[in-house]
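Reader: I have just opened this structure and would like some help finding my way around. Could we go through it feature by feature?

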Amino acid sequence: MLAGAAPAPGRTATPREQVIQVPGFADFLAVDGDSVWATNKGRVERWSRRGKLAEVAMTRPCGAMTVAYGALWVADCTALNLHRIDLRAARITATIPTGIANPKGELNVVAGAGSIWVASDAAGTVARIDPATDRVTASIPVDPGTFYLSFGMGALWAVSAEGQSLQKVDPTSNTVVHRTALGREPGFLVAGEGAVWVQEQGDGTVARVDPASGDVTGRIKVDATLAYGDIDAGGGKVWLRTTAGQTFVVIDPASLAITARIGAAAGSGALRYTRAGLWTSAHDAHTLSWWKRPLRMGR
């Protein structure tokens, strides 16, 4: 079930990249219409293709953010809480003492089932927050070392690198209803395009998991490792931000073929898909990039 182990097809013509200089350490991304929010040192910033639109000071924003319920939701890895930022006013309107499971910053805040979710304790807890009250309404036991979350196809999906597990959480019962064994150092994941896709960073692979059965139905060999990359899905493709060989790769979710390897290696960073274009960050290069017409990539 391993695909992509052979060299990928020849690189397609590299799409036009608009590079935006961002001082500091632009890292995790969340799409807000035709703009994007990025974590940075001591702040989160909203950028468009024309430049910076807003910034909000924080102690230490960290991890992948989410935009939902008219707000940006972002973890603070020093204060160990969750901030709610009003999108229009660009100001913090609530601070929720959730705890943060991984203060080093590798984690996700996600939205789904009328709630916001964040891994809140490294011993194994996910906090569920009601955006109507800005309060934690449930603390869900999960495997120790669970940091990475995604919501899709009716469930919360949670990855423990320590336990090498993918856990399916039923939002009706707030319980883990299935576990899937994963490869080495699993990390960021996305639920979309008919499956759950998990980076197995230590193996350099992406695992495809059937959301109904929980079975691993295939793996794609991408690089020697996938440490500190990112993943998204949309437009009939899976998008994988890499750290070696290229900026990102495009994966066909049905055939598991790598259909394009795009851009020069740019170190660690994040990636988010929109129909109009793809956003990537490269914090060591102090840049954001906009790649037009993603549906043409890897055809």
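Author: Happily! Keep in mind that this is a predicted model. Let's begin with T287, which sits in strand β29, residues 287–292.

Reader: Is T287 buried or exposed?

Author: A residue counts as buried under 20% relative accessible area. T287 has a relative accessible area of 10%, so T287 is buried.

Reader: Which residues does T287 touch, leaving aside its neighbours within four places in sequence?

Author: With those neighbours set aside, T287 is in contact with V19, I20, Q21 and V22, and also with T280, S281 and A282.

Reader: Now a residue from a loop, please. Where is R50 found?

Author: Look at the loop between β5 (43–48) and β6 (51–57); R50 is there. Exposed means over 50% relative accessible area, and R50 counts as exposed because its relative accessibility is 72%. You can also relate R50 to S35: they are 15 residues apart in sequence, and their C-alpha atoms are 9.5 Å apart in space.

Reader: How should I read the strands around that loop?

Author: Here is the general idea: strands of a sheet pair through backbone hydrogen bonds, either parallel or antiparallel. In this model, β5 and β6 pair in the antiparallel sense over six bridges, with E45 standing opposite E55 in β6. The two strands form a hairpin with two residues between them.

Reader: In what sense does β4 pair with β5, and over how many bridges?

Author: Strand β4, residues 35–40, pairs with β5 in the antiparallel sense, over five bridges. N40 stands opposite R43 in β5. These strands also make a hairpin with two residues between them, and G42 in the turn has a positive phi of about 70°.

Reader: Why is β5 described as largely enclosed by the rest of the structure?

Author: Because five of its six residues are buried, β5 is largely enclosed by the rest of the structure.

Reader: Let's move to a whole sheet. What is the strand order in the open sheet of four strands?

Author: The order is β15-β16-β17-β18, and the pairing is antiparallel. β15 (146–152) and β18 (175–181) stand at the edges with a single partner strand each, so one side of each has no neighbour in the sheet. From one strand to the next, the twist averages 25°.

Reader: How many bridges join β15 to β16?

Author: Six bridges join β15 to β16 (residues 155–160), and the two strands run antiparallel. For one of the partners, find G152: its bridge partner in β16 is A155.

Reader: And the interior? Which residues of the largest nonpolar core touch the most other members?

Author: That core has 49 residues, and L166, W197 and V206 touch the most other members. Not counting residues up to four places away in sequence, L166 touches W157, A158, V159, H178, R179, T180, L182, L189, V196, V198 and V209. Another core lies apart from the largest one; it has twelve residues, among them V56, M58, L87 and A90.

Reader: One last feature: how much space lies in the largest pocket?

Author: About 380 Å³ of space lies in the largest pocket. Its lining has 22 residues, of which M65, T66, V110, D232 and R272 lie nearest the centre. The elements giving two or more residues to that lining are β3 (29–32), β7 (61–68), β11 (109–112), β15, β19 (186–192) and β23 (230–234).

Definitions and conventions
Residues numbered from 1 in each chain as written. Predicted model: local features only at pLDDT ≥ 70, side-chain atom pairs only at ≥ 80, totals over all residues. Heavy atoms only, no water. Pairing = 2+ DSSP bridges. Axes fitted to C-alpha atoms, helices over the stretch in contact; angles between N-to-C directions. Core = buried A, V, L, I, M, F, W, Y, C linked by side-chain atoms within 4.5 Å. Buried < 20%, exposed > 50% of the residue type's maximum accessible area, 1.4 Å probe, protein only. Contact = heavy atoms within 4.5 Å. 1 Å grid on protein atoms, 1.4 Å probe; cavity = no way out; pocket = protein on both sides within 12 Å on 5 of 7 lines; lining within 4 Å. Points joined across faces, edges and corners; volume = space filled by probe spheres on them.
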